Amino acid sequence: MRVHAAASCPAFFDGYAEQYDTVLNAALSASGETKEYFAHGRMRWLATRLRRHGRPARRVLDYGCGTGTSIPLFFEYLDCAEVVGVDVSPRSLDCARRLCHALSGARLLPVDQHEPRAAFDLAFSNGVFHHVAPAERPAAIKHVYDSLRPGGAFAFWENNPWNPGARYSMRVNPFDRDAVPISAVEGRRLLRSAGFRVIETTYLFYFPRPLRVFRFLEPALARFPLGAQYLLLAAKPTTGQ
């Protein structure tokens, strides 16, 4: 389902495209939540971070969009005018097209048909790069970098390998078992080596549903590296930076 999947051909995620939600929700069941909870939580959090740092998001690249479930949320939370989703899996893109057919600002295409043109305000990836073989990660990051306009932002979401719940979910998820987790330290190094400036690192999803009464604390805990996912918010420098 993901770009440059470590599994490592389109056919791997093609095989999961139609049942992706079912498989992922089974892996997340120990948290007491479904994928929708995490998808909305990520987008709400991203919207607050972009506003705080004055980063517009009118044109968005969803790198490794999979079945497209994040794409409607860009329009809902970020007030986007255009979202381009790219992925390696043709069947996942077919699912995404069915989901997003009514969104006039959405466009979906195979990643090898997408030519970076320094045109996007924001690039987004969620759980993509742990599927990318380490040797291939610099090229994938370069694709993102070259797709952003100067000053554009990259929202790099990954599972936190220091969180037991995240590690458990990846272990029981058949399309995550062979993935290579990326710590926030490794993620920052990867982004900086491509030329990005890392603006901030924040963490999210500390409390499973049985402890949801404590979720109001999550914004205050965002700097502590214990949440199930982390966000590296990075920027492509403008001329002279």
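**Cysteines, rings and a helix crossing**

Visitor: Why is the sulfur of Cys95 too far for a bond?
Guide: The closest cysteine sulfur, in Cys65, is 11 Å away, whereas a disulfide needs two cysteine sulfur atoms within 2.5 Å, so no bond is assigned to Cys95. The structure holds 0 disulfides. This is a predicted model, in which local features need pLDDT of at least 70 and side-chain atom pairs pLDDT 80 or more, while totals for chains, interfaces and linings use all residues. Residues are numbered from 1 along each chain as its sequence is written, and side-chain values use heavy atoms, without hydrogens or water.

Visitor: What makes Cys95 count as buried?
Guide: Its relative accessible area is 10%; buried means under 20%, exposed over 50% and partly exposed in between, with a 1.4 Å probe and protein chains only. Cys100, at 4%, is buried as well.

Visitor: Why is the pair of Tyr63 and Phe129 called stacked?
Guide: The ring centres are 5.9 Å apart and the planes lie at 20°. Rings of Phe, Tyr and Trp (its six-membered ring) pair with centres within 6.5 Å; planes under 30 degrees apart are stacked, over 60 edge-to-face, the rest tilted. Tyr63 and Phe129 are therefore stacked. Both residues are buried.

Visitor: Why is the pair of Tyr206 and Phe207 called tilted?
Guide: With centres 6.4 Å apart and planes at 40°, the rings of Tyr206 and Phe207 form a tilted pair. Tyr206 and Phe207 are buried too.

Visitor: How many aromatic pairs does the structure hold?
Guide: The structure holds 13. Ring pairs join Tyr63, Phe129, Tyr145, Phe154, Phe156 and Phe196 in a cluster.
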